[in-house]
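Thanks for coming. I will take one structure and go through its core, its sheet, its confidence values and a few charged pairs, in that order.

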Amino acid sequence: MLDLEDIFGEDGPLARALPDFRVRREQLRMAQSVAAALSARESLVVEAGTGTGKTFAYLVPALLSGVRILISTGTRTLQDQLFAKDLPLVSAALGRPARVALLKGRGNYLCRYRLAQANAAAEQLPLINTPRARAGAMLARIQRWARTTQSGDLAEVRGLSDTHPVWAQVTSTRESCLGVRCPEISRCHVSAARRDALEADIVIVNHHLLLADLALKEDGFGDLLGCADAVILDEAHQIPDLATQFFGAHVSSRQIETLLKDLRLELAALIAAVPPGAGASRSRDALLAEVEEALRELRATLPAAPGRLAFTVGSYSRTDPVEGLIAALETLAVQLGPCGERAAVAQLAERAAELAASLARIAAVDELEGARTLEVTARGFTLSLMPFDISGRFRSLLRAPRAAWIFTSATLSVGTEFGHFTNRLGLDDAATLHIESPFDHERQALLFLPAGMPEPASPDYVAAVIETTLPLIEAARGGAFVLFTSHRALAKGAALLRERWSDAAPYRLFVQGEAPRERLLEEFRADGNGVLLGTASFWEGVDVKGEALRLVVIEKLPFAPPDDPLVRARIEHLTASGGNAFRDYQLPEAALALKQGTGRLIRSEDDHGVVAICDPRMLARTYGRALLAALPPMTVTQDLGEARRFLARHAPRKSLARAAAAP
C-alpha cells in the first residue's frame with residue numbers, strides 16, 4: 001500500500017495522473033499533518049502559502065482515511081471545482097472510489113410549491129414587452145425545465161442568474177420553507193439533495209450552508225453534520241466574520257414586506273372566516289394593515305440618506321416605532337393561529353413570530369454584548385446585531401460531535417502567529433501549522449514602495465496613486481490590477497485614468513461594477529494586457545496565472561474605516577475590556593487583508609511581477625514593520641527606475657494596443 005511520501009513523490013499516482021505535477025515537500029508536510037488530525041479526530045489550523053497545493057494535501061488523506069467527511073468551501077465556484085474536477089481526479093489516481101455529494105443552500109434549488117404560486121400570480125401579466133412580462137417568460141422556461149430536471153439546481157437554467165428577480169420567487173428560504181407540511185415534499189429537490197448527502201462518503205458544502213446549520217440547525221442538515229467524522233474548511237479565513245453574522249440577528253424591511261405578500265396570497269385562498277375566539281372579530285386585512293402601518297412609522301423615523309449607522313439605545317432601540325412593529329408582528333402571529341390547519345398559513349405565523357423575536361433581541365441586547373447597526377438603502381432598511389464574542393458558542397458546537405476539524409487557508413496568521421484567528425473561534429487547543437509558499441518570491445517578485453506620496457487623508461491622494469501607477473503600467477505593458485480600499489476611491493481612480501488616457505487608451509480598462517465579476521476576470525485573462533480596477537472582492541479569491549497579471553498596485557493599507565459602526569463598536573468594546581484595539585484587532589485585520597491583496601500576483605513558479613503599495617505609512621509608521629513581516633519575502637525598493645526595469649524584463653514582447661481590442 002502506498003504511503004503519503006509515495007503518493008506525493010516523483011513516480012507516484014498523482015505524478016502519473018497530472019502532467020504538470022511538481023513534487024513539493026510543503027504539500028507532503030501538510031498532508032501528513034491532516035492525516036494525523038483525521039486519525040486522532042483533533043482540530044488543526046493550517047496556513048498553506050500560495051502554491052502549496054493545499055487542495056490535494058487535504059483530499060488525499062481524506063480519501064485514504066475511509067471516514068465520512070464534510071468539506072466546506074468559501075464559494076460555489078470552488079464547490080463545483082472540487083466536485084467536478086479535483087475529487088474525481090484524486091479518487092481515480094489513488095484507486096479509491098468514493099460516493100461524493102454536492103450540497104448547496106436551499107436558495108439554489110427550485111421550490112415546486114413556490115413555482116406554482118409564482119405561476120398563478122403571473123397568469124394576469126400583460127403580454128407586452130415589460131419587465132413583468134419578461135419575468136413571465138422566464139417563469140415559463142423554468143416550468144418547462146422543472147418537468148425534466150433531476151437535481152432541481154437552478155444553475156441548469158439557461159439565462160437565469162441568482163440576481164434575476166424570478167430566482168427569489170421560485171426558491172425557498174429557511175423562513176418560507178413549509179418543511180414536512182409542504183404538499184410537494186415528496187418531490188422536494190432540497191430533501192432529495194440532503195438524502196443523497198446522507199448516503200455519501202464525502203459531502204461538499206459552502207461556508208454559508210455549514211454555518212446556517214451550526215447557528216440555526218436547519219431541518220435535516222443537522223443529521224448530516226452529526227454523522228460526519230471530520231469537517232475540512234477551505235478558505236477558512238472567512239469563518240470568523242461569517243460566523244459572527246450567522247450568530248447575530250438581522251431583520252430587514254424586505255423580509256417583512258415578503259411576509260405580507262406571501263400572507264395575502266395564502267389568505268386569499270382561504271374561504272372560511274376565522275373561527276370564533278380571541279381576536280376573531282378583527283379582520284385579516286386589518287392585521288396586515290397594522291403591520292404595514294408600523295413599518296411605515298419606523299421608516300419615517302429613519303434617516304433618508306443611504307448608509308450604515310450605529311443603532312444605539314436612545315435613538316431607535318425599543319422606542320415607539322420599533323416597539324410598535326414588534327407588537328404588530330406578535331399580534332399577527334397570534335391571530336393567524338385559528339388558520340393553522342392550513343400548513344402555509346401556520347408557517348407564516350411562525351415567520352411573523354420569529355421576526356418579532358429577532359427585532360426584540362436586536363433592540364434589547366446589552367451594548368457590551370454586540371454591535372447594533374441600521375443600514376438604509378434606496379429600497380429599505382436592515383437592522384442587525386453582531387455579537388462581539390462568538391468563541392464560546394463556536395467552541396461548544398465543534399465539541400458536540402466527536403469529529404476532526406481542519407481549518408486551512410493561505411492567510412490565517414500574522415507573521416507566524418495564529419492567535420488572531422484561533423481566539424475568535426475558541427480554538428485555543430487546536431494544533432497550528434505554518435507552511436511557507438514554495439514559490440521563490442525574492443526572485444519572482446519585487447515590492448515597490450514609492451517615495452514622496454502624500455498622506456492617505458490628502459484630497460490629492462488618489463490622483464497621486466494614479467500618477468505613480470501610470471509609468472508602472474507602461475513598463476509592464478498592461479497586465480495590472482489596481483486595488484482600492486473603497487468604492488469612492490475606485491470611482492475617482494477610474495475617472496482619472498480615463499481622463500488621462502482620453503480616447504487613446506493603450507490598454508483595455510476593466511472596472512468593477514461595470515460588468516459581473518466573473519466576466520471581468522474572464523475577459524481580463526483573455527485580453528492579456530488589460531488593466532483591472534477593483535475593490536474588496538478582487539483582493540481575494542482571484543486566480544490569474546501567467547503573463548496576464550504582472551503588476552498589482554495597492555492604493556492604500558486596508559485598515560477598516562474607523563467610522564464604520566461595526567468597526568467603531570468593536571474598537572469601543574475592546575478598549576472598554578482593557579484591550580488594545582489597534583494591536584489586537586485593526587492591525588491584524590489589515591495585515592491579513594494586505595497579505596490577500598499581494599497574494600494575487602504570484603500564482604505559479606513561472607509568474608513574475610511587481611507589487612506596488614502606495615501608502616507611505618508602510619515606511620513612515622512603526623507598525624509598517626509588522627505589515628512587511630506578514631508579506632512574502634520580496635526584495636523591497638523605493639526606486640521607480642528599478643521597478644520599471646523589473647517589469648520591462650518580464651513584460652510580454654508584444655502588447656495588444658487598445659484600439660485592436662474589442663471593448
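Let's start with the largest nonpolar core, which has 39 residues. The members that touch the most other members are Ile256, Leu259, Leu263, Val291, Leu325, Leu329 and Leu332. Keep in mind throughout that this is a predicted model.

Which elements give two or more residues to this core? They are strand S6 (249-252), helix H13 (253-268), helix H14 (284-301), helix H15 (320-335), helix H16 (343-364), strand S8 (370-376) and strand S9 (381-387). H16 provides the largest share, 10 residues. As background, nonpolar side chains tend to be buried together in soluble globular proteins.

Take Leu325 as an example. If we set aside its neighbours within four places in sequence, Leu325 is in contact with Ile256, Val291, Ala294, Leu295, Leu298 and Leu359. Apart from this core lies another one, of 38 residues, including Met30, Leu63, Ile69 and Leu78.

Next, the sheet. Four strands make up an open sheet, in the order S6-S9-S8-S7, with antiparallel pairing. Why is one side of S6 and of S7 left without a neighbour in the sheet? S6 and strand S7 (307-310) stand at the edges and each has a single partner strand, so one side of each has no neighbour there. From one strand to the next, the twist averages 20°.

Look at one pairing in detail. S6 and S9 are joined in the antiparallel sense over four bridges. Ala249 has Leu385 in S9 as its bridge partner. H16 comes back here: this helix packs on the sheet and touches S6, S8 and S9. The direction of H16 makes about 115° with that of S6.

Now, how far to trust the coordinates. The mean pLDDT of the chain is 88, and 90% of its residues reach 70 or more. There are weak stretches, though. Over residues 125-130 the pLDDT stays under 50, and the model has five contacts for them beyond four places in sequence. Residues 271-281 also have pLDDT below 50, with 11 contacts in the model beyond near neighbours in sequence. Where pLDDT is low, the predicted coordinates should not be read in detail.

Last topic, the charged pairs. How many salt bridges does the structure hold? The structure holds 34. I will show three.

The first one joins Arg22 and Asp606, whose closest N and O atoms are 4.0 Å apart. Arg22 is in the loop between helix H2 (13-17) and helix H3 (25-40), while Asp606 is in the loop between helix H24 (581-598) and strand S17 (609-613), so to speak 584 residues away. Arg22 counts as partly exposed, at 37% relative accessibility, whereas Asp606 is exposed, at 57%. Arg22 and Asp606 also belong to a network of salt bridges with Arg24 and Glu605.

The second is between Glu354 and Arg174, at 3.7 Å from N to O. Glu354 lies in helix H16 and Arg174 in the loop between helix H8 (165-169) and helix H9 (189-198), so the pair ties together parts 180 residues apart in sequence. Glu354 is partly exposed, with a relative accessible area of 35%, and Arg174 is partly exposed at 32%.

The third joins Glu467 and Arg500, at 2.4 Å from N to O. Glu467 sits in helix H20 and Arg500 in helix H21, 33 residues apart. Glu467 is partly exposed at 43%, and Arg500 is partly exposed at 48%.

Note on methods. Residues numbered from 1 in each chain as written. Predicted model: local features only at pLDDT ≥ 70, side-chain atom pairs only at ≥ 80, totals over all residues. Heavy atoms only, no water. Core = buried A, V, L, I, M, F, W, Y, C linked by side-chain atoms within 4.5 Å. Buried < 20%, exposed > 50% of the residue type's maximum accessible area, 1.4 Å probe, protein only. Contact = heavy atoms within 4.5 Å. Pairing = 2+ DSSP bridges. Axes fitted to C-alpha atoms, helices over the stretch in contact; angles between N-to-C directions. pLDDT = per-residue confidence, 0-100. Salt bridge = Lys/Arg side-chain N within 4 Å of Asp/Glu carboxyl O.
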